[in-house]
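I opened the model to look up strand pairing, one sheet and one pocket. My entries follow in the order I made them.

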Amino acid sequence: MAKLIFSDIDGTLLNSDLQVTPKTRIALRQQIIAGNVFIPVSGRMPQAIMTAAGQVMKTCPMIAYNGALVIDEMGRPLSSQFMTAKQALEICQYVEENAIESCSWSVYSGNDWYCSIHKSQLIRQEEKIVAVQARPSSIAEIKNLRGVHKVLILGKPEKLDQMKDELQPRYPKLCLIKSAPNLLEVVLKGVSKGDGIRVMAQEFNVPLEDCWAFGDNYNDEAMLKVVGHPVLMANAPSELKKKFRVITSDNNHDGMAVILNKLK
């Protein structure tokens, strides 16, 4: 029976230079040749996922927006969970009113990425990382979207911690989670990488105990807990390391390849 190999992208599949290391690329391709399935799992939008996964293969199924959008290798949605445009608009307004100089907002809907009219340096840095261009938009435009998969707030870690504490009680139906010290992601409550994996495992008819998952941060915890073979990267926060038994090398030292090369 085929195995499903799920992997986070930033800090896991990619090294600090935003590249899949040669050893990891070869290890993944060998697994694919053996009949196993590689499935990237990320808070990124689909196009930005392929910026990374495309270094390994040209098409693949994927789990985007931390589980809010699950699509097969043909790009067809298997699961899609939205917050309302009104909720996204209110959060963007909050960011602009409370921290316009130190934080920026991004709104993602399907394959579209919107940002504030005046692109901040934070947005420009994110564009370079994911190799996708954001579309400058007014907050008024956001309210016309059919639904929003994710809102991303970029800023200083301490400011994002404050925002998380203030916003979470206001939006009990949304989940706010940090995917990096300077990134605060907002999705519909109940959405997680773990739920995305359940959808994908059911689609491939593979038991969760035959699934592998690699991750490095707090938004990977649900994904790691749901599979039979969770693997944490050595560059993960120390608090996470207390929760998982298998810890591989870091993302700059072929952490995924170390484990994949042992699979039979």
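I started with strand 4 (residues 69-71) and strand 5 (residues 77-80), which run antiparallel and are joined by 3 bridges. I take strands as DSSP runs of E of at least two residues, and helices as runs of H or I of at least four, both numbered from the N terminus. Two strands count as paired if DSSP finds at least two bridges between them. Isoleucine 71 has proline 77 of strand 5 as its bridge partner. The two strands form a hairpin with 5 residues between them. In its turn I found glycine 75 with a positive phi of about 85°.

This is a predicted model; local features need pLDDT of at least 70, side-chain atom pairs count only at pLDDT 80 or more, and totals for chains, interfaces and linings use all residues. Residues are numbered from 1 along each chain as its sequence is written, and side-chain values use heavy atoms, with hydrogens and water left out.

I checked confidence next (pLDDT, the predictor's confidence in each residue, from 0 to 100). The protein averages 93, and 99% of the residues score at least 70. Among the elements, strand 1 (residues 4-7) has the highest mean, 98, and strand 10 the lowest, 88.

Then the open sheet. It has 6 strands in the order 8-7-6-9-11-10, with mixed pairing. Strand 8 (135-137) and strand 10 (174-180) each have a single partner strand, so one side of each is left without a neighbour in the sheet. Neighbouring strands are turned by 30° against each other on average, direction ignored. Strand 7 (residues 112-116) runs parallel to strand 8, with 3 bridges. Cysteine 115 stands opposite proline 136 there.

What lies across strand 10? I found helix 7 (residues 157-170), running at about 165° to strand 10 and also lying across strands 6, 9 and 11. Axes are lines fitted to C-alpha atoms, for helices over the stretch in contact (heavy atoms within 4.5 Å). Angles run from 0 to 180 degrees between N-to-C directions.

Last, the largest pocket. On a 1 Å grid over the protein atoms alone, a pocket is an open set of points where a 1.4 Å probe fits, with protein on both sides within 12 Å along at least five of seven lines. Lining residues have an atom within 4 Å of a point. Its volume, the space filled by probe spheres set on the points, is about 570 Å³. I noted 32 lining residues, with Asp10, Glu126, Ile129, Ala180 and Leu183 nearest the centre. Helix 5 gives the most, 5 residues.
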